[in-house]
Amino acid sequence: MTRNNTWNIHAVAAFISLSGIFFGLDTGAIGPITVMPQFLDTFGKFRNHAIQGALVATILFSASTASFFAGALSDKISRRRTIMVGALTAGIGSAIEASSVKLWMLVLGRLVAGAGEGLFLGPCGVYLIEISPANVRGKITTMLQLFITIGIASGYFISYGTVKLANSFSWRTPFIVQSVVAFILAAGMERLPYSPRWLMLVGRTEEAFEVMEQLDRNGAEREKAELLARQEADSSDATLREAFRDSTTRWRTILAIFLMGMQQLSGIDAVLYFAPLIFQQAGLNSRNASFLASGITGIVLVVVTIPAQLYLMDRWGRRPSIIWGGFSMGLCMLTIGSLYASGSSKTTAGKWTIISLIYVFTIAFSITWAVVLKLFIIEVQPNRTRAIASTLSHSSNWIVNTLVALTTPLFLSKSPSGPYFLFAACLILTSIICVLYVPETLGRSLNDVDQVWNERQEKTNHLLAKMQEKTKWPRSDSTTTRNEEIGLERIESAATA
């Protein structure tokens, strides 16, 4: 990865993004695995949809818990070593899953793997942003999402291929692949450079400057000057309380937590985790057909994420992508819910419309929220609280994801239209909030973000103040005079009494 004492930033980003491959492999494979005949022969058929959801959600439960501590750990031992510890833990967990012979072993393995995911995924995003020059930050950071989609597609098709095996390797193989990927990531982390901004936080200034020059010779001098100007304010460890201490950090942290939670309430992981179930409900009754449709979903994710990463992200801007992406997905979900609620889903045209809209929703998510939200919520944070805010927002994401995984199978069995209406409402609400509060950070250095954040909040406060003035009901002079007369009459009555 190095030559002439320089780092190829794209190669570094690609290796770090193996974390996305691991995450995507599990997301794509776990739904198909839980309906494989060979899997059910090993562990028995689930009594209801709630148990299926609980098995999927175990990895998310431990991930949400572990991610809460990932920020503080990455501030303490570095982003690089936190990722290494997380990857090693995830690899061990996947190995336990692959070797399971009892259900409790599988659950234990998913809990351990989830703890690893929670430790490495947030710091990976922070690391990629902190090593990226402003002019390519979108491309570098969204590489993680591209690798997630590759992992999802791979997970679907590995499962589609192994389901034909007559023995338990049909469901063990996807877990074995996950374990190998995690161990490769863990083994290679020690060779990568530290984040220059983390080095500044711990006072290793000269080393930070050296890494910056190795990563970006052209823009290193400007970055050095900006970091030196902020070094005194950023020199000590940030605490959880500091993320909410004043308006400078509080509302950015809250916005990050909100956006990452609502990313899951868009319904994307309900589609990805339970794609076979969703496609069967929409009319693809054959197991092979629903598996194939799930695999096509994975291919669509990859195909549309590539232009989003290479071209659209650093040209569209963060703000338009978040807002219009949210409204587009909301319209898809609202239409699907309406088709189920009206009974049109029972017709051939209705079924294919639903299937088509699931793909349209997936495309809209992949080119907007999938690539932009994780980038935006990290780059909008002050340098000092970036790791803590990222930790909290990823915890929000994991917690909501856990709830979605637990409830989606049961919700779909009780009300086919209900989940889609819920997701539509969440998407539209989030888009409206973003119209008001999300600034444009495209092309800005991480140290310029304070200015654009303040400008956006001033515009919103001014807009809300004007709206408040317009909604005030004007009172006529005659009404005011009559009210005053009534008041005097009451005072006189009380006095004579």
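This note goes through the predicted model, from its overall make-up to individual helices, aromatic groups and single residues.

1. Overall make-up. The protein contains 22 helices and two strands, and buried residues account for 56% of its 497 residues. Among contacts with a separation of 6 or more, 82% join residues that are 24 or more positions apart. The accessible surface comes to about 20,700 Å², and carbon and sulfur atoms contribute 63% of that area.

2. Helix α2. This helix covers residues 18-34, and its 17 residues should span 24 Å at 1.5 Å a residue, which agrees with the 24 Å found between its end C-alpha atoms. Because 16 of the 17 residues of α2 are buried, the helix is largely enclosed by the rest of the structure. One residue whose number falls within residues 18-34 is Phe23, and Lys374 lies over the face of Phe23, at 5.8 Å from the ring centre.

3. Helix α6. The same check can be applied to α6, residues 103-131, where 29 residues should span 42 Å at 1.5 Å a residue and the end C-alpha atoms are indeed 42 Å apart. This helix is mostly covered, with 22 of its 29 residues buried. Cys124, whose number falls within residues 103-131, has a relative accessibility of 0% and therefore counts as buried.

4. Aromatic pairs. The structure holds 11 aromatic pairs. In the pair formed by Phe157 and Tyr160, the ring centres are 6.4 Å apart and the planes stand at 85°, so the arrangement is edge-to-face. Both residues belong to helix α7, residues 137-162, where they are three residues apart, about one turn of the helix. Phe157 has a relative accessible area of 30%, so this residue is classed as partly exposed.

5. A pair in α16. For Trp324 and Phe327, the ring centres lie 6.1 Å apart with the planes at 55°, and the pair is therefore tilted. These two residues both sit in helix α16, residues 318-342, and they too are three residues apart, about one turn of the helix. With a relative accessible area of 58%, Trp324 is exposed, whereas Phe327, at 30% relative accessibility, counts as partly exposed.

6. Aromatic cluster and a charge over a ring. Phe39, Phe43, Trp171 and Phe175 form one aromatic cluster. Elsewhere in the chain, the charged end of Arg204 sits over the ring of Tyr194, at 5.0 Å from the centre of that ring.

7. Backbone at Ser78. Which residue other than glycine has a positive phi, near 100°? The residue is Ser78, and it is found in the loop between α4 (49-77) and α5 (79-98). Most residues other than glycine have a negative phi, so a reader may wish to look at this position in the model. Ser78 has a relative accessibility of 1% and therefore counts as buried.

8. Cysteines. How many disulfides does the structure hold? The number is zero, a disulfide being a covalent bond between the sulfur atoms of two cysteines. Two cysteines may be mentioned here: Cys124 counts as buried at 0% relative accessibility, and Cys332 is likewise buried, with a relative accessible area of 7%.

9. Ile377 in α18. Ile377 lies in helix α18, residues 369-379, and its relative accessibility of 1% means that it counts as buried. What does Ile377 contact beyond its neighbours within four places in sequence? The partners are Ala256, Leu259, Met260 and Ser393. For Met260, the separation along the chain is 117 residues, while the C-alpha atoms of Ile377 and Met260 are separated by 8.1 Å.

10. Thr305 in α15. Thr305 belongs to helix α15, residues 287-316, and at 0% relative accessibility this threonine counts as buried. Not counting residues up to four places away in sequence, Thr305 touches Gln145, Leu146, Thr149, Ser366 and Val371. Among these partners, Gln145, Leu146 and Thr149 have numbers within residues 137-162, the range of α7, and Val371 has a number within residues 369-379, the range of α18.

Note on methods. Residues are numbered from 1 along each chain as its sequence is written. This is a predicted model: local features need pLDDT of at least 70, side-chain atom pairs count only at pLDDT 80 or more; totals for chains, interfaces and linings use all residues. Side-chain values use heavy atoms; hydrogens and water are left out. Helices (H or I, at least four residues) and strands (E, at least two) are DSSP runs, numbered from the N terminus. Buried means under 20% relative accessible area, exposed over 50%, partly exposed in between (1.4 Å probe, protein chains only). Contact means heavy atoms within 4.5 Å. Accessible areas come from the Shrake-Rupley method with a 1.4 Å probe; for residues, only the protein chains shown count as cover. The expected span of a helix is 1.5 Å times one less than its number of residues. Rings of Phe, Tyr and Trp (its six-membered ring) pair if their centres lie within 6.5 Å; planes under 30 degrees apart count as stacked, over 60 as edge-to-face and the rest as tilted. A charge sits over a ring if NZ of Lys or CZ of Arg is within 6 Å of the ring centre and within 35 degrees of the ring normal. A disulfide is a pair of cysteine sulfur atoms within 2.5 Å.
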